[in-house]
Each structure stands twice: as C-alpha cells, then as structure tokens.
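Colleague: I am new to this one. Could you walk me through how to read it?

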Amino acid sequence: MFAYIIRKLVYNIPVYLAIVLLVMILLRQRDPVAGLLGKNADAKDYAAKKQELGLNRPFLIQYGDLLRSIFTFQFDEESWTQPGVTVGEKLVEAVPRSLALTVPALVLTSLISIVVAMISAFNRGRFLDKLLVFLAVLGMSISFLVYIIFGQYFGAYQLSQWLGRPVFSIHGYEPGLVNWAYYMLLPVLISVIVSMGYDTRFYRAVMVEETQRDYITTARAKGATRGKVMFVHMLRNAMIPIITRIMITLPFLVTGSILLEQFFGIPGMGYVLLSAIRNNDFPVVETFTAVFAGLFILSIIATDILYALFDPRVRLQ
Amino acid sequence: MSNQSAATQSSPPPAEAPAPMVRVQNLVKHFPKRGGILNQVIAKVHAVNDVSFQIRKGQTMGVVGESGCGKSTLGKCVIRLHEPTSGKVFIEGTDIGSISSHALRKIRSRMQMIFQDPNSSLNPRMTVEATLREVIKLHQVVPAGEVDAKINTLMTKVGLRLDDRKKYPHEFSGGQKQRVGIARALAVNPEFIIADEPVSALDVSIQAQVLNLLMDLKEELGLTILFVSHDLKVIDHFCDSMLVMYLGNIMEEMPCEDIHAHAKHPYTRALLASNPVMDPDHRAELTVLEGEVPSPYDPPAGCPFVTRCPIKTARCEQENPPLLDHGNGHRVACWEVKLQ
Amino acid sequence: MSMTDRFFKTREFRKLFRNKSAVIAMLVIAAYLFTALFVMCGGITRETCDTVVGQNKMPGFFIQQTPEQRYENATSKFLPMVQRALSRADQTAALADVRLGQERVVNKSAAQLQAIIDRAIELKNELNQSEDLDADSARLPQLKALEDQVAMLKAPLTGWSRLMQNASLVLGTDAQGRSIFLRGLYSIKIAIQIGLVTAAFCVLLGALLGAAAGYFGGWVDHGIVWVYTTFSSIPNLVLLVVLSYAFTDSEVKDTLLPVYIAFGATFWIGTCRVIRGETLKLKRMEYIQAAQTAGFSPFYILVRHVIPNTAHLMLINFSLLLIGAIKSEVILSFLGFGVKGQPSWGIMIRDAGNNGDVVSGFFWEIGTATALMFALVLAFNILSDALQDAFDPKHV
Amino acid sequence: MKLDCWRTEPHVPLRCLRHSFLQTFLICLLLVPGLLECKQVMADQPIVLRLPMPTAGPNSLDPVRGSSQYDNIACGYVYESLLEYEYLKRPFELKPCLLESMPEVSEDGKTFRFKLREDIYFHDDPCFPDGKGRRLVTDDVFYSLKRMADNGNQPKAWWLMKDTIVGFDDYREQQNAAEDFDYDAPVEGMVKISDYEFEIVLAQPFYRFIYTLAMFQTAVLPHEAVDYYKEKFSKHPVGTGPFLMQRWDFGAKLVFVRNPSYRTMLYPADPGLNKDGSAPYTGYKEDVELGFYKDAGKRLPLADKVILTMFAENQPMWLKFLNRELDYSRVPAENFPQAFIKRRQKLRQSFKDMGIRAVPLPLLDFIYNGFNMEDPVFGGYDDKSKWLRQAISLTYDLEEINQAHYQGINLIYDGPIPNGMDGHPEGHQVANNYRGPNIPRAKKLLAKAGYPDGKGLPELVFYTSRQPASVEMAMMSKRNMAKIGVKMDVRSVDFATLSENLRKKTCPFFGLAWGSDYPDAENNLQLFYGPFKSPMSNNFNYDRAEYNELYEKVRVMQPSPERSAMYAKMRDMIIEDVPVIGAMARTRFYLIHSRLKNFKPEETFSNWPKYLTVQEP
C-alpha cells in the first residue's frame, strides 16, 4: 500500500509539472502590467513594473520559482491586485468560506439523493420510480443561473417579505456557526437542488445494478426483509461507486461555486479566483491552480486506497 | 457432402511418420506480477513452464488440465497471440518467433484459431458475410470475383444456411455462432488450427454436433489441430494424442487409445477418476484429490503436483521429475512411475 | 452508408424507437434542428434580432399594461421619432427613415402629421399633470386618446408585415425593445451550433485517443492518460475562463471560436476515459484476438473492430456533451467569456439579470430563454437516457 | 461582531409570536442560535450604519494607491486631508480639516502658508510606541506628499503633483533613481516653518492646487505605520480619520468603528437665513426640512460603527435595500422604472409608503467615445478628416442609448464640460454642434470628406469594455454607422487591455468615461492638453497649439467671466474638431430609508460618513 502511494505520487509528478506549465503559459497570453498600472503610466513605469513583478525574467526561471514555492509550501508571494496580501493568506481566508458552502451542500445532496435513489431503485419501473426519474431530469434541464436568480429573488427576498423578516440572507457573509444558517443555507439549498438530479440518477443506476445481482435475490430468498436488503446488503455493496463519486468531487469543494459566491456575496475561492483571472492576478491563479491540482491528484490516490479498503476484490498493485 | 469427402480422404495414413507440422521447444511463458515502489516485476506466474512437444501433420493433439493450468496460454503462445518468454515454436520448420511481424501476419493464414466463447468471438457489428469476407480479402485467398462463392462454400461446409449470410451474430444460436467461428478459421485454408475449448461454452447437445463437424472437417481438409479442453472425454473422443498439463507443466503425454488403461501419472488418473465414465469396468477406481493447488506465483520446488499427490515421496518435494519417454509416444513426468 | 443503415436496424435501435418518450424527444429535437436550419438559411438574421420592434420591456401575449407603462409606450418611441423627423430640413427623407419594427409613418402630409403630433403633445402635457397615472383612473380616457393619436401616425400593417410585427411582439420585448421571441429563436441556432460542433469534435477526438490508448497500451496509453489527467486536474472553470480569455482576440464578430476552444479542450476527457475503458474491455474480446490471428494490422483492427463497437458509447456521450455544452454556454456567457455580438440563451438570461427583470417581476426574457433551453435539454436528456437504456443498460 | 446582523434588532423575539405557527416554526428552526443572542444585545444599542458599495470594493486602503471613487469612499473613513468640503453647502465649498484655517496664499498665488491644528492625533495603533497615536506634525504632511512620488508605493496619482510644486519633480526623479528613496531629502517647494506651520511653493499659480489638497490621495498618514506594516500597510490603514478599520473581508465587507480618540469636531450649526431672507446656500431650505440640522453641535462621528458591504451584482444590493438591510442605495439604472414613475422621475407611492426618500444627484460625468487624433485615417486636423469625424458623430444616437441603457435619465450635452461647471453650454447644447442622429447631413459630410457612402474608408476599430452593456451600446452605434456606410469593428476588451492600447496609441476609436476629480472644468479640459498626450491623461492625443496656449493660461486663473469665456472657446474648439463624440452625464438616484439621518448624497467627496446616523422611526 505504502509503495503504491509513493509510486502513484512519483507517477503524477510529470502531470503536476505539466499542469503548472499549462496554466502559466495560458495566463501569459495576456499582459497584466498595463492593467495594474492604470492609464497614466509611461513606458518607464511600465518597464519598472514589469521588473517588479518579475515578468521580464526568462520563462523557465519563473516556472522554476513557482514550482519551488509550491513544493516548499511558501505561498508568500503578494497578490498583484491586492498589495500587501500574500497568496497564502488569500487562500486561507477564502477556502473556509467556500467549504462552508460546498461541504454541507455535498453532504446534503449525497444523503438525499442516495435515499431518493434507493426508493427509486426499489420501486423500479413503477410509477414512483418514473416520477422521481422524470423530476431528476427536469431539474437537470434548467440552467444553474436561473436557479440562482430565482432562488435569490423568491427564496431570500420574497420569503422575507412574506414573513416580515429576513429568513435567508440575500447577500453577504459572516463567519461563525451561529451565522451559518442565515447566510449559507439558501445557497446550499440551491446547490442541492441543482446537483440532486445528477446524483440521484447516478445512484439510482448503481442501485439498480445492485438489485439485479444474485446476492440480493439470495438475501430475499433467505427471507431478509425488504428494508434490510435495501439498507444492509444493497447499500453496502453500492458503497464503492458512491464513495468514488464523492471522492472525485472532494477537490472541487475547494473551488467553491463561482456563480453562487458572486450572487450571494460570499468571498470564497470561486469569487477570488474569478476576480484574479479577470484582473490578471497571476500569483493567485497559479498558486490556486497548483494547490487544487495537488488536492485533485491526492484525492484520486485516496479513492484508490478507499477502494481497496471497502472492496475485498480490489487489490492495489 | 461430408460423406463424400470422408470417402476421398479415408486412405490409411502412410506407414512412416510424416514430418512434424508443429514443433514446440522449451516454451516458457511467464506473466509478470508488478509491485513495489517503482512498479517493478516482483514475481512471475509460470503459466507455461518449459514445454516441448510436437504434432505431426494431420494429427490432433489434445491439451487437458484443470482451469488455470496454462493450457489456453500454451495455445495462444503457439499461435503467438501471446509472446512467449522463451522457447521456440516451429511451424513446418519456420521459427515463428524470429520472423518479422509483417511476415508473421502472412504466415498467419496457415494457422488459425477457434475460440472458446462464441458470444465474444464474433464482432457484434458485422454480419457473417462481412466477417468472412474481411479475412478472405486480407489474405487474397481467392480472386476478387470468387469471394462470394468462397463464402458460400465455407458456409455450406460448416453447415450454415446461405440465407444467414446477412445475419448479425446476435441472431444466431451459440452453436451456429461457433460454426461461424469455424468458418472464419477455415476461410484462409489453414493447415493448422488451434481450438481453444471450442465446445465448452455450448450446450451438451450442441457440443456433439460441433465436435462432429470438426472431426469431419479435419478428415476432409487434413487439418492439424491443437485441441485445448478441460474435458477428458472430449479429448479422448476427438484427439490422436494428448498432453496433460498441471501448473504449466506437462505431466503426461500419451496417445488417446484406451486412456484408462494407459494413464500412468497420478494426476491423469485423478482426472480420469473425476470423470463419470459409462464403462462399468472402471467404476471401482475413485481417487479424490486432496490438498491445495499451489499458488502459481510460488510453485513447489519439486514436482508441481506434490501438494496433492497421493503417492508422493520425499524425492518429489526436492526434485522436479523429468518427462521420461515410456515408448510409443507415451511420456510421463513422475518419479514413482517406473520405466517399463 | 450500408454500415450506418445496418447500425440503425440493430435491435438496440428498434428498442429505442419503441420508447415513446424518446420518440417525442426526437421530434422535439428535430423541431429545434429545423428552426436552427431556418435561422442558418437566413430566416432570422442578427440584424433582425437587434432591431427595436417596440417599447422596452413590453410583456408578451399582448397583455395590457399599467397606465404608466401605456403612457411610456405611447410617448417614448414612435412619437419622438416622427417629431424629430418633422423638424429636419429634409422632411420626406427623414420621415421615410422612421421605423419601429415593421411600423412606418402613415402616408400623410407633413402638416397632417404635425397636427396629430400637436394634439398628442397636448394630451401628453395634460397627462403629465397627473402625479401617478396608475392611481388616477380619471385620466384613462385621455390616455386612450393619446394612444389613438400615436396609432394614427403609424401606417396600418397588412399581410406579412402585420404577421411579422405580431410575431415579434408575441413574447414581449427586452430592455432595449427588441423582440424576445426572435432572439429566443435565433439562440436556438447558436445553441445547436455550439452543441453540435463541441460534441462532434470532442466525441471524435475522445474516441480516437481513448481507443488508441486502450488498444495499444504502453507508451501511447501513458501519454494519453497523462494528457487528460493534466487537463482534468486544472479546475474546470479556470481552464474554461483562461482558455477563452487567452484565445479571445476581443473582436465582437460572430465567431464562436473561443467558446469552441474552451469546450473542446475540456470536454473530450470524459469521452476519452469511457472509450479507453471500453476498449480495454473489448481488447479481451475474442473477436479482437480472432482478428489478430487472422493477421490484420493493429490500425485496421482499431478502426474496423474496436471503434465501431464503441459507437453506442459515442452516441450517448455525444448527447451528453451536447447538453453540457449548451448549459455551459449559459454560464460562460454570463461571466462574459462566451458568445458575443449575437443573442444566445446565456446572453438573454444574463441581460434579464442585468436589467433587473426578475426583481421587477418581468419574467418574459428569462422565461423565454429558460423555457426554450429547458425543452431542448430535457429532450436531449430523455433521448440520452433512452440511448443508454437501449445500448448500454449496465452503464451507471 | 455579533452586533451587526439583522437579528440584533430588538423586536425580533417579540414579534415572532404574532406570526402563524408555520412561520414561527420556520424562523425558530433556522434561527435558534440567533434568538439566544438577542437578549444581551437589547441593553445598549450602538448606532450601526449599513451602507452599500456597488463594486467588489477597493484593493488597497493606501491612499496613494487609490484612484477610483470607491477607493475614495473607503479611504474617507480612515484618512483626512488638509482640506475638506463643507458637508451640506452647495455649490461646493472647501474648509480646513487638518488645518487651523484656510491656507494663506501669497500675492502671486504661488506660495501657500499652512497652519496645522495642534489637537490632531493619529489612530491608536500598535505601530506607535505604547500603541498610542502621536500628534500630527508638518513632517507627516511632507512625508505623505512625498509618498506620491515614490514609485515603490505604486502611486496612481502623481499626475496631481506633476509640474506643480517647485523642485518636487526633480526630487521624484532623483529619489526613484537612487538606491533607497530618501524621504528626508528636501524639496525646494516644501518649507517647514515649525512643527505646525509650513509653506508650499508652486511653480505657477495653479488654481487646481487647492482642490488637490482635499483629495484623498493627499491624505496625511504617519511614517511609523508604513515602516511597521510594510507591504501590509495597505490593509492596516492608520490615519487621523473619524473611524478605525476593524475588519476587511476582501471583496465582501469593510467594517469601521468609531475612533475614540478623534478630536472634538462638531456637527455644523444651522447658519440661519441670510439677513435679506435668502437662503445661505443652495438647497438650504430642503436641508432644514429634512432635519439635517437637528444634530447640530453633536460630536462627530455620530455613528459607532459602519458596515460597508460590497456588491458585485446589482440584484442583491437592490433586494437588500428593499428588504431594509441597507440604509440607502443607489438605484441601479435597470431598477429605475420599478422605483420611479419614469414620466416625471418621481418616486412611486409604494416606495414613499415604505418611508423611502429619493435624491437625484447629477454627476460630473463625461461619458464619451474618443478618437485617436494621431490615427492616419480618422485622426488629423485638416478639413477632410474633421468632416469624417463630424459625419461619424452625426450617426450617433445618444438618445437611443440613453433610453435603452440608462432608462432615459442621462443628460446629453455638447462638449467636454459637464453640467454644473463653468463652461457648460446653456441648454446643454451649442449652436454649431454635430449631435446625431442626422443621417442625411452625415452622408453629405462623409462625401465631402472623400468617402461617399463609406467607399474607400477602412473599418473603424472601436475599443470598449467587456461589460455587456458597453458591447450592446457599441453594437447600436455600429448599426447606426452602417447607415452611412461606415463600418465599425467592435472589440470588447478588459480594462487592462484598453489601457495598454491607449498607452500605445493603438486605439483609433474608444469608449471611456471621465469623472471629475474636483468641481472645475479645468479638470476636463486638461484631457485635451497636448503635453498630456498618452500615456498621460490625453487619450485623444489631441494637440493644437492654440488650445494648449489657452489651457496654460486658464489653469493659473481664478474664476472670472474672462476665464468662463476662455473655457467656452476651448469647449467649442473641441466640438468643432470632434476628437470626441458625446457626451453624457448620469444622474444618480439615491433612495434613502427614513431611519438614515443627515444623508445628503455626494460622490465628489466622501467625508460624509461621520455626519450620518440612524434612528429607527
């Protein structure tokens, strides 16, 4: 197992190098200097700024420097748009906010959609199943953006008007558990509604496949109750695809949700990232991408390991 | 038709033995097991372990053994679907291991394979006709104008109706599919065919039909066949001689004449015993194998069969017995079976 | 040809055609395709979509508006246009120039027109004394009179132009007074175009690379897996935005190239993965071994035996990618990196958001875009479900 | 921290009972933790202002790094300059802020003598010994001005000081070239007399200089803070202002609390009517009616805490305002018809019923589309190129743009001088204008320029911002231009690209806007001064000797009829040469909840938060 992890890590080094390289090249299609200087700068200021940002160094040196800072966890380069704030500080500040939104959303979505999927799979072919599947497809066919615009208007504003006081925040963010429900619940619910369709369908398919397996029939034949078959036998065996799916989404928790964050004024990672891209804030985009890619690779490896833990048939070689 | 061709080919075999069609020399096939930090090879599965034998032209050689004993791997190595780790395979004197992949593709027309699972051995997106045409065209078996006629001939030969030309594999029954597989193998006029458990996936009633078809074709076309099966009965019925394999090693090679009387190796005898036999004379002998099949990664140092052998001695655990010739094409690898 | 023919006659396809909802979905898709084709052939041009056809934010279905809105309708577009034209030195030319959608100035002398306008202005001034027309029902007759005066300025519409004018107003107008209906229809073309191009490109690329990786294994496999791991380890949005940013030469032309590039670079990965997995499975199939035994070249086997047997996956992926592209376009356009210079559903939803439509209870633009997109995506969702049921029942 | 959310409103637990069971249940379920908190809050109620910031907010609170209006607003809480504007008086009037009195100006208008107040202390901050803010002295003023010259600070506003103070330009040159920027090195024009007295000597008697001293970029700050926080200074502001920055969630929220050590500064007293019964200033009566003098004599700042929320999207800001979670809001143009009866630009009754008050604020805006006068085709000063630009100008339908994108509330005017400033044309229009749409005349002029129906004319490349509305507006103009056969190639770019292209003079035609820094037309007229060509503020690269001469004269003149005439002359030159097509100025409508007291919206300066307070009706 240990050897496997090490080997996977070694194997992913070239992937990692390529990711960083790709992002750097893509970003450097644009010139950030002019934007940072404003419109009154002259050529001398321009050159000085370029020098200051280190953009006139050879590309490979910039690449090497970035890699060094990533591998030594030195995220102390300053953000270009927000002077005096290091990239690391930005990450530390923004990521928890994104997590406060995405983690509950993931948990809720997974729980609800697994339950719905089980109900659906168990009533396979019946009206209830068809209804649930249709609802899932229906939900998937509406744009995320529309959910947000309507959600904010009806869910936050109209509801508050109707109740005479705010229930969900229209916009804004405060840290702390006490404030969580007020600021985060609505975005979380919107995000749950949006992703429910996809997850339910996926989990249903997994469950349906499980119901067709022999051991389920055997269990039923042995006289196990419906509920027991459903929860004990089926769910346990369906754990693998479920875990895989959840594991694969884990790194994306960190990126947050750009649209939700933008609309609800939650200055999480998506928000920070988008404005960094828009303002050509290279250090922020580069570092964040690198961190994300690292998490992504680690989570893939972790998924493999969990596989082995949960499924005796899988052996890591 | 088969009657007629049987008549033309039924002349007795020539007195002196013909040159071997296939000669396998010290064939070894290891599958590596990878692991460790750098994914290096840390162990090997000895699927085929130093196997040598030869098949004379027109002969049928059966390979029998339990599943996992390496018999299919042996077949695939012979036709070079698998690259052998070492050892040589000669087809009529040509070492197919040493020729280029281009030349190999050419020589492939002389040897063909019939596969085990009729459901997966045919491309589900191709009709019978397309499947056959493709092969015929590739090797330019007949001039372009005669391809259709050739297809018809083939289909008739394997007992398919000509209306079925445009049908897709899923429209056939298992037996019919296997007939298509046979027709595909025959399409290039091969001299040597490897039949890899050709009937084991079929219903018993169909098995006989297909086997009979194969026998007829063998007679008619004078084919040399390497017949892989786990079923001693089938081998006995179909082959001229047979190899008994265990853990990648040949345990015994013998002609298929009254095998119950001749079989010497304890493993062969055990196999025979596990097969219910119609002959009441042999009913008494019922050996049940005990012990476990050793891991193919870690075969015993001595005789591979030692863990389960009812007649093992101390020597068996130390040294691997050589395959000794007992005359009459009979070879046995066992310390306890004495030369006669 | 015969190949595809046979493909469509397979059991799976028959199963597909037996699925009623799938057939309905296909009909819906066909209708969309037809509309897209109609637009592409010049049925609705970008100019048509950009033409102001009436007052800003008119509700659809010719719903009666509040008195204040009616006042705005009457006074703010056509009336000042005619008024301005009359004040020009070259009156006739200027009058001929006046147009609002299909509406033109009625064929009357300048003096007559002036008289109508004078009366209208008079009414307007009277109405202006009211604090709030909505609450002032006594003024309604005057408002009606004003509307009549403005209507008198317009040449009566007949035949085709009447039909066009009615059609363009049927779902109301957006914040600039452009027809929501026409813009919605035009967006079908954009959506289909983006969907088809992206899906076709990504499926082909993904299938080819995936099959090659799975079939040849070794370094080819390592290389391809390496490339797609790299791409998929970059947050999707960063990649999309940075790509479309990097490749936008900022010109507002009808090129959708940045969108294609952004989607093309990211969407092939899923297909590639699936096809690679399938190829690994197929590689163990005996008919592939049979083909090898028969002496076919690896490339031939790949093209003739492997790829055709992944066709069902390609089809399913195609429809999934299509949906993905259409939905992503909305997000990308909203963020300002997508379609430019022409309408699309994303642009319409974005505009509706930016123009405060929802907040002020004007749901026509966002509703139209959402409904049109909803129907198409739903149809494709149902179709791809049916495809999966038919071809790949075990697919999860 | 727990004080600032809506739940702290005292009536929450009481009114819960009045709701239906379902509602109560819902609220209880969601807000159990919040309810627990309410009790302790009810005892003493700090005055909390909840104000919006309609953008993602400032990037830095270092005054020299700021340039936008939003930087101005944010810095206004923490920093103060030598001068400030009278809060309520209109037209604008400067008054001393950090100074004892207005500076004494010498005869020649070149020497300014300043006397600092002696009771001004910097914020209490760890950067000072013992954490106690020290007294502000002359050196701090010089230090702060010199920071504008130090390239290491990435100053955005050097242009304010360029060629102004004697020896300052040389000082900047030398120190930036040197290894370390020496703040102690003398500048000839900055003369220290004592710790509280100093003189500044100008190269020429620039009229604008006095305004510069009220701008936030010249705010005075202590060197200790910069030395202590170094790079982090921009998010640890230390100044003399009425508030301390408590928290900054970048892109989301800025929280300020009352500066306990703020000097005694009182709310202005009611000046009363003049002896002749006339108002002491424009809008005085309304101010009295609105009760702006009720707090007269109270110590500033009135509020204990200000929460400034940033809004990247308009919809949430508007909804939050309607939901009474913000004390005031600008009306986003798209929501104008919802709140106002467009016909009369009057607030709707339903809004009045909510206790909302509307204040229109005409902005000193100059929204324009400019040509690069050095462009080989579209630039130039000969008749033909002039006719060409005039023709293009005549295709523009600003009214259409106004209606489609600004709900018709913008003011369209000729020339570069916005309404309310000396030099603005009467009736917003001059006689010889080239305001469109006048397609027949445009066609004629185009033919005269040698391009009948646009034949032989290359595409006009237009640069505009990426904002959807800008692109839509450009597409409108493109359609109108097509009517005379001129083709336009619209490029929507981000602001950085636009700036870069302007700097390199590669934009033949571009859309931009200028907001006046101070209420004098000179600020707009300098945009066309030849020596200020790109990369400086003259994006048009307009350069006419005659104009330049006039500009050099007016910038050292005090207001006078003579100056007004010269302004008009310069304005008409611009209109005739058409280096710019325009212009428009927005009117900003502010909606104010009745609980917010003393708010008189203003965007030119931002010292007003200290005067605001809330009082629940």
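Modeller: Begin with the domains of chain C. This is a predicted model, and the domain assignment of chain C gives domain 1 (3-43 + 181-391) and domain 2 (63-169).

Colleague: What separates the centres of domain 1 of chain C and domain 2 of chain C?

Modeller: The distance between those two centres, taken over C-alpha atoms, is 48 Å.

Colleague: How much confidence goes with chain A and chain B? What is the mean pLDDT of chain A?

Modeller: Read the mean and the share of residues that reach 70 or more. For chain A the mean pLDDT is 82, and 95% of its residues reach 70 or more. For chain B the mean is 81, and 88% of its residues reach 70 or more.

Colleague: Where in chain A is confidence lowest, and where is it highest?

Modeller: Helix H2 (residues 32-37) of chain A is lowest, at a mean of 72. Helix H5 (residues 87-122) of chain A is highest, at 89.

Colleague: Over which residues of chain B does pLDDT stay under 50?

Modeller: Over residues 1-15 of chain B. The model has five contacts beyond four places in sequence for that stretch. Where pLDDT is low, the predicted coordinates should not be read in detail.

Colleague: Next, the nonpolar cores. How many residues has the largest one?

Modeller: The largest nonpolar core has 190 residues. Val20(A), Ile194(C), Trp345(C), Trp318(D) and Leu591(D) have the most contacts inside it. The largest share of this core comes from helix H11 (residues 180-216) of chain C, with 17 residues. There is also a second, separate core of 140 residues. Its members include Leu98(D), Tyr183(D), Tyr328(D) and Trp514(D).

Colleague: Take Val20(A). Which residues is Val20(A) in contact with, leaving aside neighbours within four places in sequence?

Modeller: Tyr63(A), Leu66(A), Leu67(A), Ile70(A) and Ala290(A).

Colleague: Now a polar side chain. Is His593(D) buried or exposed?

Modeller: Buried, because the relative accessible area of His593(D) is 1%, and buried means under 20%. His593(D) sits in strand E21 (residues 587-593) of chain D.

Colleague: What lies 2.8 Å from a polar atom of the His593(D) side chain?

Modeller: The backbone oxygen of Phe321(D). Phe321(D) is also one of the residues that His593(D) touches, not counting those up to four places away in sequence. The others are Arg324(D), Leu326(D), Asp327(D), Met354(D), Gly355(D) and Ile356(D).

Colleague: Let us turn to the backbone. Which residues does a cis peptide bond join ahead of strand E10 (305-310) of chain D?

Modeller: Read omega for this. A cis bond joins Leu300(D) and Pro301(D), with omega about -10°. Pro301(D) is in the loop between helix H8 (284-289) and strand E10 (305-310) of chain D. The bond from Gly582(D) to Ala583(D) is cis too, with omega near 5°. Ala583(D) belongs to strand E20 (residues 580-585) of chain D.

Colleague: And phi? What is phi of Leu247(B)?

Modeller: Near 50°, a positive value in a residue other than glycine. Leu247(B) is in the loop between strand E9 (241-246) and strand E10 (249-255) of chain B. Asp130(D) is not a glycine either, and has a positive phi of about 65°. The loop between strand E5 (111-115) and helix H4 (138-147) of chain D holds Asp130(D).

Colleague: Buried or exposed: what are Leu247(B) and Asp130(D)?

Modeller: Leu247(B) is buried, at a relative accessible area of 12%. Asp130(D) counts as exposed, at 77% relative accessibility.

Notes: Residues are numbered from 1 along each chain as its sequence is written. Chains are lettered from A and ligands numbered from 1 in the order in which they are written. This is a predicted model: local features need pLDDT of at least 70, side-chain atom pairs count only at pLDDT 80 or more; totals for chains, interfaces and linings use all residues. Side-chain values use heavy atoms; hydrogens and water are left out. A nonpolar core is a set of buried Ala, Val, Leu, Ile, Met, Phe, Trp, Tyr and Cys residues joined through side-chain atoms within 4.5 Å. Buried means under 20% relative accessible area, exposed over 50%, partly exposed in between (1.4 Å probe, protein chains only). Helices (H or I, at least four residues) and strands (E, at least two) are DSSP runs, numbered from the N terminus. Contact means heavy atoms within 4.5 Å. pLDDT is the predictor's confidence in each residue, from 0 to 100. A polar contact is a pair of N or O atoms within 3.5 Å; within protein, one must be able to donate a hydrogen and the other to accept it, and residues adjacent in sequence count only if both atoms are side-chain atoms. Domain bounds come from an automatic or database domain assignment.
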